[in-house]
Amino acid sequence: MLGSLEISASGLEARRLWMNTIAENIANAETTRDANGQPNPYTRREPLFSTMKVGNAVGVQVLEVQKDPSPPREVYRPGHPDAGPNGVVKLPNIRVVQEMVDMMMATRSYEANVTAMQATKEMGSAAMRILA
């Protein structure tokens, strides 16, 4: 029973980190400068998941949060302070609609892990009542 809870807990942790990463991406979808104030668009981040052994079962873990290698988007906005001489601004490589789809997927997965944990707890409680 503890193994089942550990597997669900690993899924919850991984999905929570995924949702936080998505939120960070959405928050920086228009960020054109780095922390030092230099024109350098934010780079989309995404977690890299892997399996891990949990007792006799397999759970999930986050290996790292990596930067998306795709290039920044180039948008024509001549009035933007970071526009080049041709009026083009380099924006982060973030598609907000895709991030929202990913957020829905991460949320559903998180909910599934919560449901699995609740079912495991209920089965444990029922087993204890039978033994008592």
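**Ser10, Val54 and the overall form**

Visitor: Which residues does Ser10 touch, and what makes each of them count as a contact?

Guide: Leaving aside residues up to four places away in sequence, Ser10 touches Met52, Gly59 and Val60. Contact means heavy atoms within 4.5 Å. This is a predicted model, in which local features need pLDDT of at least 70 and side-chain atom pairs count only at pLDDT 80 or more, while totals for chains, interfaces and linings use all residues. Residues are numbered from 1 along each chain as its sequence is written, and side-chain values use heavy atoms, with hydrogens and water left out.

Visitor: What makes the approach of Ser10 to the backbone nitrogen of Val60 a polar contact?

Guide: The side chain of Ser10 reaches that nitrogen at 3.1 Å. A polar contact is a pair of N or O atoms within 3.5 Å; within protein, one must be able to donate a hydrogen and the other to accept it, and residues adjacent in sequence count only if both atoms are side-chain atoms.

Visitor: Is Ser10 buried or exposed, and how do you know?

Guide: The relative accessible area of Ser10 is 7%, so Ser10 is buried. The term buried means under 20% relative accessible area, exposed over 50%, and partly exposed in between (1.4 Å probe, protein chains only). Ser10 belongs to helix 1 (residues 2-27).

Visitor: Why is Val54 called buried?

Guide: Its relative accessible area is 6%, so Val54 falls in the buried class. Val54 is part of strand 1 (residues 45-54). With residues up to four places away in sequence not counted, Val54 touches Gly3, Glu6, Ile7 and Gly59. Val54 and Leu2 stand 52 residues apart in sequence, and 9.6 Å separates their C-alpha atoms.

Visitor: How many helices and strands does the protein have, and what makes a run count as one?

Guide: The protein has 2 helices and 4 strands. Helices (H or I, at least four residues) and strands (E, at least two) are DSSP runs, numbered from the N terminus. From that end, the order is α-β-β-β-β-α.

Visitor: Why is the protein called more spread out than a compact globule?

Guide: Its radius of gyration is 21 Å, well over the 14 Å that the globule rule gives for 132 residues, so the protein is more spread out than a compact globule. The radius is taken over C-alpha atoms, and the rule is 2.2 Å times the number of residues to the power 0.38. Along the principal axes, the C-alpha trace spans about 80 × 25 × 20 Å. Of the 132 residues, 29% count as buried.
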